[in-house]
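This report describes one protein chain for a reader who has its sequence and structure at hand. It takes up the enclosed and open spaces, the charged pairs and two individual residues.

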Amino acid sequence: MFQGLNDMDDCWVLVVDDSSLMRQLLVSCLRSVCKVTAVESAEEAIRVCQDSQPDLVLMDWILEGMSGIEACQTMQNISELSEIPVIFVTSNTSEANQELCWSSGAVDFVPKPIVPKTLQNRVKTHLKYKLQTDLLKKYSFVDGLTGIYNRRFFDMEIIRLLKQTTRLQQPFAAMMIDIDFFKKYNDEYGHLQGDDVLKQVAITLKNQIKRPIDTVFRYGGEEFIVLLPNTSQDGAKSIANQLVSAIKNLSIINIGSPMEVVTVSVGMTFLAESQRCDTKQLLSRADAALYNAKETGRNKFSILNE
């Protein structure tokens, strides 16, 4: 399972240090190991991590403005950043300061002055741990047939996202998607070809979702769910239309459908910044919208806000 984990060319390390000379030194040491980017403040590092998560953060302890300890604690309190490993680079190696490293959530520290080979080996070790963890998550949370996230991961992720939406006062959209006349397709062409349709639909849905924070799940059978955090209602409607069109444009023949090709129906529910609901309510609304889309012609989306 873990073959190939020594290849770290695609791993990304973010260096955080307010010294230009130290940033250059750290980048120079790690350039042969992985991709590396450097910023000079903790505040900027957190913004970078929120935009696109690195595999590892290498952070100076003492920084102008927010300290490295404060930054690490802040990241621990932001759910989408809490699993990014942080290594401190510090000359503060007393027992008390080491304890501060661990209690803030860091995974390791590298003492100054830097020994390049030690730094490289520490970084390699933690990147390997990260790759192993990501691979285990993939096996646990990815649907074996379609290659997208499964129902188990959805059940975890929806709770986190609804809490995040409430905390940040952001809009949120959820879509329940069902392949039209899929039973007739299986009856006509067989389950092997039906499985191939599921794969093509899953890949197409995933390719239409552009932002890293948006997620596609196989919910069960021929049903899929798309979650769109911090998305306006108009934006969500535009994406729903894109999904419907993209599946129809695959032009997969289905003589059991009035459309003569494989299509999907989409039920969408939208939460404005001030709206709240739990998982059960969200799914109930999306399911009701999906039922309406099917009852009013299929190959379309329907929206239910209340």
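Which residues line the largest cavity? In this predicted model, the lining of the largest cavity is made up of Leu-162, Thr-165, Thr-166, Leu-271, Gln-275, Arg-276 and Cys-277. The structure holds 1 cavity of 30 Å³ or more, and the space in the largest cavity comes to about 30 Å³. Helix 6 is the main contributor to the lining of this cavity, with 3 residues. Sorted by class, the lining has 3 nonpolar, 3 polar and 1 charged residues.

**The chain as a whole**

The chain has 10 helices and 10 strands. Its C-alpha atoms fill a box of roughly 70 × 45 × 30 Å along the principal axes. Of the 306 residues in the chain, 48% are buried. Among contacts with a separation of 6 or more, 65% are between residues 24 or more positions apart.

**The largest pocket**

The largest pocket has a volume of about 1700 Å³. It is lined by 42 residues, and the closest to its centre are Gln-53, Tyr-149, Glu-157, Arg-160 and Pro-212. Four elements give two or more residues to this lining: helix 2 (42–51), helix 5 (116–141), helix 6 (151–168) and strand 7 (215–220). Helix 6 supplies the largest share, 8 residues. By class, the pocket lining has 17 nonpolar, 11 polar and 14 charged residues. Helix 6 thus recurs in both spaces, giving the most to the lining of the largest cavity and the largest share to the lining of the largest pocket.

**Salt bridges**

Side chains of opposite charge can pair when their charged atoms come close. A search of the whole structure finds 14 salt bridges. Three of them are listed below, with the N to O distance for each pair.

| Residue | Partner | N to O distance |
|---|---|---|
| Lys-294 | Asp-178 | 2.8 Å |
| Lys-294 | Asp-180 | 3.0 Å |
| Asp-214 | Arg-211 | 2.7 Å |

Lys-294 takes part in a salt bridge with Asp-178 and in another with Asp-180. The pair of Lys-294 and Asp-178 links distant parts of the chain: Lys-294 is in helix 10 (residues 279–295) and Asp-178 in strand 6 (residues 172–179), 116 residues apart. For the bridge between Lys-294 and Asp-180, the second partner lies in the loop between strand 6 and helix 7 (182–189), so this pair ties together parts that are 114 residues apart in sequence.

Are the partners in this group buried or exposed? Lys-294 and Asp-180 are both buried. Lys-294 has a relative accessible area of 18%, and Asp-178 is buried as well, with a relative accessible area of 9%. Lys-294 counts as buried because its 18% falls under the 20% cut-off.

In the bridge between Asp-214 and Arg-211, the partners fall into separate accessibility classes. Asp-214 counts as buried at 10% relative accessibility, whereas Arg-211 is partly exposed, with a relative accessible area of 30%. Elsewhere, a network of salt bridges links Asp-17, Asp-60 and Lys-112.

**Lys-300 and Gln-164**

Where does Lys-300 lie? Lys-300 is in the loop between helix 10 and strand 10 (301–304). At 29% relative accessibility, Lys-300 counts as partly exposed. The side chain of Lys-300 makes a polar contact with the side chain of Thr-296, at 3.0 Å. With neighbours within four places in sequence left aside, Lys-300 is in contact with Val-244, Val-264, Ser-265, Val-266 and Ala-293.

Lys-300 and Glu-80 are 220 residues apart in sequence, and their C-alpha atoms are 33 Å apart in space. Glu-80 is instead touched by Gln-164, a residue of helix 6. Not counting residues up to four places away in sequence, Gln-164 touches Ser-79 and Glu-80. Gln-164 is buried, with a relative accessible area of 8%.

Terms used. Residues numbered from 1 in each chain as written. Predicted model: local features only at pLDDT ≥ 70, side-chain atom pairs only at ≥ 80, totals over all residues. Heavy atoms only, no water. Salt bridge = Lys/Arg side-chain N within 4 Å of Asp/Glu carboxyl O. Buried < 20%, exposed > 50% of the residue type's maximum accessible area, 1.4 Å probe, protein only. 1 Å grid on protein atoms, 1.4 Å probe; cavity = no way out; pocket = protein on both sides within 12 Å on 5 of 7 lines; lining within 4 Å. Points joined across faces, edges and corners; volume = space filled by probe spheres on them. Nonpolar A, V, L, I, M, F, W, Y, C, P; charged D, E, K, R; others polar. Contact = heavy atoms within 4.5 Å. Polar contact = N/O pair within 3.5 Å; in protein donor to acceptor, adjacent residues only side chain to side chain.
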